[in-house]
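Here is a quick walk through one model, starting from a single residue and working outwards. Have the structure open and follow along.

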Amino acid sequence: MIMLGPIECVKRVVECDNGRDAEGYREILHEDYLSYVHGKPQNSGRDVEVAALAAWWDATSDVHLEILEIGETNGLVTLRYTLTGTNDGDFFGRPASGKRFHVENCTLLRVENGRVKETYRYSDTLGLMTQLGLMPGGD
């Protein structure tokens with residue numbers, strides 16, 4: 001694998017996500033990969049992260065990530081993006097709602113030696129759950 005710069009590495013992550021390329025996604029993650037969601041540890045290791053992503057793809061088979069802004073400082077990439085899709089599969093223990101969603105999120109990705117070492121995700125979970133009808137006031 002060619003060593004990618006931090007922004008190119010994160011763009012490759014987006015390509016793998018949008019292309020449902022689990023093996024490509026796994027390759028771009030560092031051996032000691034860690035992820036955090038809203039500041040709390042979430043997944044440890046490439047295989048766990050790829051399995052979580054595959055579950056997300058199963059729950060939202062047409063999900064698409066669109067980059068709004070991307071920037072980098074000292075290997076830390078800030079990615080602001082939208083996620084758009086349909087909940088057409090089991091959503092972490094809940095049956096498919098068939099509802100569409102569109103949320104804006106921000107993720108920080110630390111890239112070392114051309115691979116993602118850590119991610120820090122800040123997601124509009126309330127907006128997503130409301131749009132899927134899983135919260136009071138949802139459609």
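Leaving aside residues up to four places away in sequence, which residues does Val-37 touch? This is a predicted model, and in it Val-37 makes contact with Gln-42 and Arg-121, once those sequence neighbours are set aside.

**Around Val-37**

Val-37 sits in strand 1. With a relative accessible area of 23%, Val-37 counts as partly exposed, because the cut-off for buried is under 20%. Val-37 also comes 5.9 Å from Tyr-120, C-alpha to C-alpha, although 83 residues separate the two in sequence.

Strand 1 (residues 29-37) has two pairings to look at. It runs parallel to strand 6, with five bridges joining them, and here Tyr-36 has Tyr-120 as its bridge partner. Strand 1 also pairs with strand 2, this time in the antiparallel sense and over four bridges; Ser-35 stands opposite Asn-43 there. Strands 1 and 2 make a hairpin with two residues between them, and His-38 in that hairpin takes a positive phi near 50 degrees.

**Strand 6 and its other neighbour**

Now over to strand 6 (residues 115-122). Six of its eight residues are buried, so the strand is largely enclosed by the rest of the structure. Seven bridges tie strand 6 to strand 5 (residues 100-112) in an antiparallel arrangement, with Cys-106 partnered by Tyr-122. These two strands form a hairpin as well, again with two residues in between.

**Backbone oddities**

Most residues other than glycine have a negative phi. A few here go the other way:

| Residue | Place | Phi |
|---|---|---|
| Arg-20 | loop between helix 1 and helix 2 | positive, about 55 degrees |
| His-38 | hairpin of strand 1 and strand 2 | positive, near 50 degrees |
| Phe-92 | loop between strand 4 and strand 5 | positive, about 50 degrees |
| Asn-113 | turn between strand 5 and strand 6 | positive, about 50 degrees |

How accessible are the two loop residues? Arg-20 is partly exposed, at 27% relative accessible area, while Phe-92 is exposed, at 53%.

**The core**

Which residues have the most contacts inside the largest nonpolar core? They are Trp-56, Leu-83 and Val-116, in a core of 29 residues. Helix 1 (6-18), helix 2 (22-28), strand 1, helix 3 (46-59), strand 4 (76-86), strand 5 and helix 4 (125-131) each give two or more residues to this core. Trp-56 has a long contact list of its own: Val-63, Leu-83, Phe-91, Phe-92, Phe-101 and Leu-128, not counting residues up to four places away in sequence. Note that Phe-92, with its positive phi, is on that list.

**The pocket**

Finally, the open space. The largest pocket holds about 770 Å³. Its lining takes in 29 residues, and the closest to the centre are Val-37, Trp-56, Leu-83, Arg-121 and Ser-123. So our starting residue turns up again, alongside its contact Arg-121. Helix 1, strand 2 (40-44), helix 3, strand 4, strand 5, strand 6 and helix 4 each put two or more residues into the lining. What is the lining made of, by class? Nonpolar residues account for 17, polar for eight and charged for four.

Note on methods:
Residues are numbered from 1 along each chain as its sequence is written. This is a predicted model: local features need pLDDT of at least 70, side-chain atom pairs count only at pLDDT 80 or more; totals for chains, interfaces and linings use all residues. Side-chain values use heavy atoms; hydrogens and water are left out. Buried means under 20% relative accessible area, exposed over 50%, partly exposed in between (1.4 Å probe, protein chains only). Two strands pair if DSSP finds at least two bridges between them. A nonpolar core is a set of buried Ala, Val, Leu, Ile, Met, Phe, Trp, Tyr and Cys residues joined through side-chain atoms within 4.5 Å. Contact means heavy atoms within 4.5 Å. On a 1 Å grid over the protein atoms alone, a cavity is a set of points where a 1.4 Å probe fits but cannot get out, and a pocket is an open set with protein on both sides within 12 Å along at least five of seven lines; lining residues have an atom within 4 Å of a point. Grid points are joined across faces, edges and corners, and a volume is the space filled by probe spheres set on the points. Ala, Val, Leu, Ile, Met, Phe, Trp, Tyr, Cys and Pro count as nonpolar, Asp, Glu, Lys and Arg as charged, and the others, Gly among them, as polar.
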